[in-house]
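This briefing summarises selected features of one chain, grouped by topic. Please consult the sequence and the structure alongside the points below.

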Amino acid sequence: ASTYSIAGVWGSGFIRLNEGLPQAGEINAEEISTGQGMRNYIYRASGTHADLSFGLSLVYGVAHIYVATDGPASPTHATWTSNTLASASERLDIRHTDANFCAACDYHIAIVPAAPHAQPVAYTLSAASAETMTVLEDGTPMASVAVAADAYEYFKFFVSNELVDLQIILTAFRGNPDLYVSTTTPKPNATSFEYTSQDL
């Protein structure tokens, strides 16, 4: 069985980032040395007034997220920039109460290797609103998520083979989060679940 996403891009076009579907990417040394060391994405907000979040899980290298709604984003043109998390990945949250939040706009996203000595990077980028579930890819960790007490963050994981063992690994960097899993309840919680995590 295979789990993947695929995108075709020619030239320096924008890659469409779909809500809840992680997108793998890479910026190599040649692109950096020729001044093309930036990957551009575009995300269309769902039209609701739900908070947005962009997560950048780094496989190797260091990079940042830059976002703008008034044209292509870059380190010199961005309304929002990401924060480095304890895991060295990046996360950017845009609250619906932010003065620059736009409910029905295109959000332009740039992934840029960290200056001043940019190195190649490989990563997975995801976007989600507060009303969306993020799709987990087989073997690909997602960026750390900060969840308030008594709140939930939801994910989907597709398993196409019924005869395999499944592990869902939650790594806590701060606090003591719990994991609830269900194959029947779309949004499991502390009182409605089939499986739950155990502290190691």
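A residue counts as buried when its relative accessible area is under 20%, as exposed when that value is over 50%, and as partly exposed in between. The model discussed here is predicted. Its chain has 200 residues, of which 34% count as buried, and its secondary structure comprises one helix and 14 strands.

**Overall organisation**

- Among contacts in the chain with a separation of 6 or more, 67% are made by residues 24 or more positions apart.
- The chain exposes about 12,400 Å², and carbon and sulfur atoms supply 50% of that area.

**Aromatic pairs and cluster**

- A pair of aromatic rings is described by the distance of the centres and the angle of the planes.
- With ring centres required to lie within 6.5 Å, the count comes to five aromatic pairs.
- In one of these pairs, the ring centres of Tyr43 and Phe54 are 5.6 Å apart and the planes stand at 85°, so the arrangement is edge-to-face.
- Because Tyr43 belongs to strand S3 (residues 39-44) and Phe54 to strand S4 (residues 52-60), this pair ties together parts that are eleven residues apart in sequence.
- Both Tyr43 and Phe54 are buried.
- Tyr43 also forms an aromatic pair with Tyr107; this one is tilted, with 6.5 Å from centre to centre and 55° between the planes.
- The pair of Tyr43 and Tyr107 links distant parts of the chain, since Tyr43 is in strand S3 and Tyr107 in strand S9 (residues 106-113), 64 residues apart.
- Tyr43 has a relative accessible area of 1%, so it falls in the buried class; Tyr107 is likewise buried, at 0%.
- Tyr43, Phe54, Trp80 and Tyr107 together make up one aromatic cluster.

**Strand S5 and its partners**

- Strand S5 (residues 63-68) is largely enclosed by the rest of the structure, because five of its six residues are buried.
- S5 and S9 run antiparallel and are joined by six bridges.
- Within this pairing, His64 has Val112 in S9 as its bridge partner.
- S5 also runs antiparallel to strand S6 (residues 80-81), to which two bridges join it.
- Opposite Tyr66 stands Thr81 in S6.

**Salt bridges**

- The structure contains five salt bridges.
- In one of them, Arg16 is joined to Asp106, with the closest N and O atoms 4.0 Å apart.
- This salt bridge links distant parts of the chain: Arg16 is in strand S1 (residues 15-16) and Asp106 in strand S9, 90 residues apart.
- Arg16 is partly exposed, with a relative accessible area of 43%, and Asp106 is also partly exposed, at 25%.
- The side chains of Arg44 and Asp106 meet in another salt bridge, at 3.5 Å from N to O.
- Since Arg44 lies in strand S3 and Asp106 in strand S9, this pair ties together parts that are 62 residues apart in sequence.
- Arg44 counts as partly exposed, with 44% relative accessibility.
- Arg16, Arg44 and Asp106 are thus linked in a network of salt bridges.
- Arg91 forms a salt bridge with Asp93, the closest N and O atoms being 3.1 Å apart.
- In that salt bridge, Arg91 is buried, with a relative accessible area of 11%, whereas Asp93 is partly exposed, at 29%.

Definitions and conventions: Residues numbered from 1 in each chain as written. Predicted model: local features only at pLDDT ≥ 70, side-chain atom pairs only at ≥ 80, totals over all residues. Heavy atoms only, no water. Phe/Tyr/Trp six-rings, centres within 6.5 Å; stacked < 30°, edge-to-face > 60°. Helix = DSSP H or I, 4+ residues; strand = E, 2+ residues; numbered from the N terminus. Buried < 20%, exposed > 50% of the residue type's maximum accessible area, 1.4 Å probe, protein only. Pairing = 2+ DSSP bridges. Contact = heavy atoms within 4.5 Å. Areas by Shrake-Rupley, 256 points an atom, 1.4 Å probe, with all protein chains shown as cover.
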